[in-house]
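Thanks for sharing this one. My notes are below as numbered points, so have the structure open as you read.

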Amino acid sequence: IVLNTDNTKTHLSKSLAKFYVKVNNPSLNVVLGGLVGSNKHMVTNSRVLIDVELYGPEQIDDTGLIDEINVETSIVGGLVGENSGTITTSFFRDGSVINNANAAKKDGSLLGGFVGQNSGVILQSYAMGCSTEREDTLNHVSLAGAVRTIRNSLGGFVHVNSGTITDCLVNMVIEKAGTKGSAGGFVYRNTSSGKISNCIENNNIIITEGVTSSYYAPFVQVNG
């Protein structure tokens with residue numbers, strides 16, 4: 001479990017994270033991943049089965065319980081925070097990915113169910129935490145994992161993609177509370193250099209708690 005640490009030379013293979021991650025006092029510029037904070041080399045056959053949360057000390061005000069922290073920037077992903085290397089045949093499953101950081105920099109908080117920010121390559125990987133069964137007109141939902149934020153935008157699989165994502169799947173609960181930000185079911189923003197091929201966003205469920213100005217896109221929110 002790594003916070004603000006680079007994987008520049010190590011080839012991580014068949015790694016299994018089983019620890020619960022909570023960050024109470026991170027630095028001003030935070031990169032958090034369930035397995036690796038910043039991957040610049042290769043992650044293969046790896047998996048994370050835990051909750052990955054970025055939040056601050058609990059505080060009480062007249063609106064109730066607040067769980068937040070002020071930072072300059074934050075990047076949070078279920079498996080990897082930021083990826084400029086290669087990730088293959090890996091997954092994040094049955095955990096929740098939460099970023100409640102209040103970033104001073106505009107658009108400075110990135111949150112993805114698998115990777116926060118990708119400029120590298122992601123192949124044959126998935127993030128899963130939501131299963132549904134349909135019976136007549138009722139949907140029975142198991143909320144085993146979610147991508148959640150109070151005030152920021154988010155992506156179900158990746159927040160910002162300027163790299164390549166191929167043969168990947170996301171099936172997470174998108175939980176957006178608060179009145180700001182928006183969501184993309186698979187990627188929030190796919191830049192002009194980003195490439196997504198043969199990927200699936202499956203049965204994402206959007207839970208809105210007090211949302212009045214947010215909007216959603218099933219696959220990509222911003223393309224280009």
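Is Cys 199 buried or exposed? Cys 199 counts as buried, with a relative accessibility of 14%. Please keep in mind throughout that this is a predicted model.

1. **The cysteine pair.** Cys 168 is the neighbour to look at here: among cysteine sulfurs, the one closest to that of Cys 199 belongs to Cys 168, at 4.8 Å. That is too far for a bond, since a disulfide calls for sulfur atoms within 2.5 Å. Cys 168 is buried as well, at 3% relative accessibility.

2. **Disulfide count.** With that cut-off, the model holds zero disulfides. Cys 168 takes part in none, and its nearest cysteine sulfur is the one in Cys 199.

3. **The salt bridge.** How many salt bridges does the count come to? The answer is one. It joins Arg 93 to Asp 94, and the closest N and O atoms lie 3.5 Å apart. That falls inside the limit, because a salt bridge needs the nitrogen and the carboxyl oxygen within 4 Å. As background, side chains of opposite charge can pair when their charged atoms come close.

4. **Where that pair sits.** Both partners are partly exposed: Arg 93 has a relative accessible area of 30%, and Asp 94 comes to 43%. If you click through the model, the contrast with the cysteines is easy to follow, as Cys 168 is buried and so is Cys 199.

5. **Secondary structure.** What does the protein have in the way of helices and strands? You will find zero helices and 38 strands.

6. **Contacts along the chain.** Taking contacts between residues at least 6 apart in sequence, 80% of them join residues at least 24 apart.

7. **Inside and outside.** The protein has 224 residues, and buried ones make up 51% of them. The exposed area is about 10300 Å², with carbon and sulfur atoms supplying 48% of it.

8. **Confidence.** The mean pLDDT of the protein is 77, and 67% of the residues reach 70 or more. Residues 14-26 have pLDDT below 50, and in the model this stretch makes 43 contacts beyond near neighbours in sequence. Residues 59-66 also have pLDDT below 50, and that stretch has eight such contacts. When you read the model, please keep those two stretches in mind, 14-26 and 59-66.

How values were computed. Residues are numbered from 1 along each chain as its sequence is written. Side-chain values use heavy atoms; hydrogens and water are left out. A salt bridge is a side-chain nitrogen of Lys or Arg within 4 Å of a carboxyl oxygen of Asp or Glu. Buried means under 20% relative accessible area, exposed over 50%, partly exposed in between (1.4 Å probe, protein chains only). pLDDT is the predictor's confidence in each residue, from 0 to 100. Contact means heavy atoms within 4.5 Å. Helices (H or I, at least four residues) and strands (E, at least two) are DSSP runs, numbered from the N terminus. Accessible areas come from the Shrake-Rupley method with a 1.4 Å probe; for residues, only the protein chains shown count as cover.
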